[in-house]
Amino acid sequence: MHELPLDVRSVALIAFMILATFLGAGRAGAATVTVTNSATITIPGLGDSGIASPFPSTISVSGVSGVTDVDVILHGLSHTYPLDLDIALEGPLGQKVILMDERGNASSDWLNNTVTFSDGGIQLSPGSSTTPGADGTYAPSGLVNCPLLACTGGGSLLSVYNGLDPTGTWKLSIYDDQQDDAGSIANGWSLQFTSAVTVVPLPPAALLFACGLLGLIAIARRQQPH
Ligand SMILES: [Ca+2]
Ligand SMILES: [Ca+2]
Ligand SMILES: [Ca+2]
């Protein structure tokens with residue numbers, strides 16, 4: 001049986017070592033986990049002002065860690081007077097964020113929209129208009145005028161949840177604070193968590209490289225004339 005010449009096997013081995021080093025090298029990244037409660041929320045639960053039904057709507061979270069970003073998505077928000085909406089989020093450790101309070105105006109209805117709240121989203125001010133019927137990503141407003149305990153002390157940054165354990169029950173409390181006009185969130189809401197991916201440590205890559213190097217030395221020694 002013919003043995004492969006040293007240079008061919010060496011090249012193959014070196015190629016393997018380089019590949020192994022790349023595959024085993026430390027890598028960092030991000031993963032996204034979305035948890036949804038798709039049940040319809042009616043705003044308000046009865047008549048044209050008051051608390052929504054259910055109040056609060058809840059999402060139970062488990063198995064998520066290393067949170068670096070939290071977004072909230074409303075699936076199918078409709079309301080004929082956005083200024084009426086007070087929308088408050090509370091995490092399992094008690095931190096509150098007011099997603100919407102005194103935002104929008106009478107001529108910019110929500111019409112079955114996908115509305116995302118994310119730090120760095122579009123800033124809506126009191127009375128500012130959204131494009132009627134347009135989906136969008138908005139910055140939380142913070143507390144302006146909401147009488148509910150669910151709103152008390154609520155901030156305007158979802159980054160308050162970064163680095164905290166998200167395990168437990170998250171609450172979305174919605175209040176319609178004026179008479180006339182009403183709405184709903186047809187397909188419920190989601191929490192979207194971005195987490196840091198575990199970094200693969202370097203030692204396995206170094207070990208693979210060392211094994212390859214030892215193999216190369218062994219081949220070279222066998223090729224030497226006795
Ligand atoms: Ca975000
Ligand atoms: Ca309000
Ligand atoms: Ca109303």
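**Figure 1. Residue V67 and its partner in strand β12 of the predicted model.** V67 stands opposite S195, a residue of β12. The strand pair shown is β5, residues 67–79, with β12. Seven bridges connect β5 and β12, and the two run antiparallel.

**Figure 2. Pairing of strands β1 and β12.** Strand β1 covers residues 30–37, and strand β12 covers residues 189–196. The two strands are antiparallel and are joined by eight bridges. Within this pairing, V33 has F193 of β12 as its bridge partner.

**Figure 3. Surroundings of N145 in the loop between β9 and β10.** The loop that holds N145 lies between β9 (136–138) and β10 (168–176). N145 counts as exposed because 11 C-beta neighbours lie inside 10 Å, and a residue with 12 or fewer falls in that class. Leaving aside residues up to four places away in sequence, N145 touches D101 and E102. D177 is 32 residues from N145 along the chain, and their C-alpha atoms are 9.0 Å apart.

**Figure 4. Overall context for the close-up views of the protein.** The secondary structure consists of two helices and twelve strands. Read from the N terminus, the order of elements is α-β-β-β-β-β-β-β-β-β-β-β-β-α. The protein has 226 residues, of which 25% count as buried. Among contacts with a separation of 6 or more, 75% are between residues 24 or more positions apart.

Terms used
Residues numbered from 1 in each chain as written. Chains lettered and ligands numbered in written order. Predicted model: local features only at pLDDT ≥ 70, side-chain atom pairs only at ≥ 80, totals over all residues. Helix = DSSP H or I, 4+ residues; strand = E, 2+ residues; numbered from the N terminus. Buried ≥ 20, exposed ≤ 12 C-beta atoms within 10 Å, placed from the backbone. Contact = placed C-beta atoms within 7 Å. Pairing = 2+ DSSP bridges.
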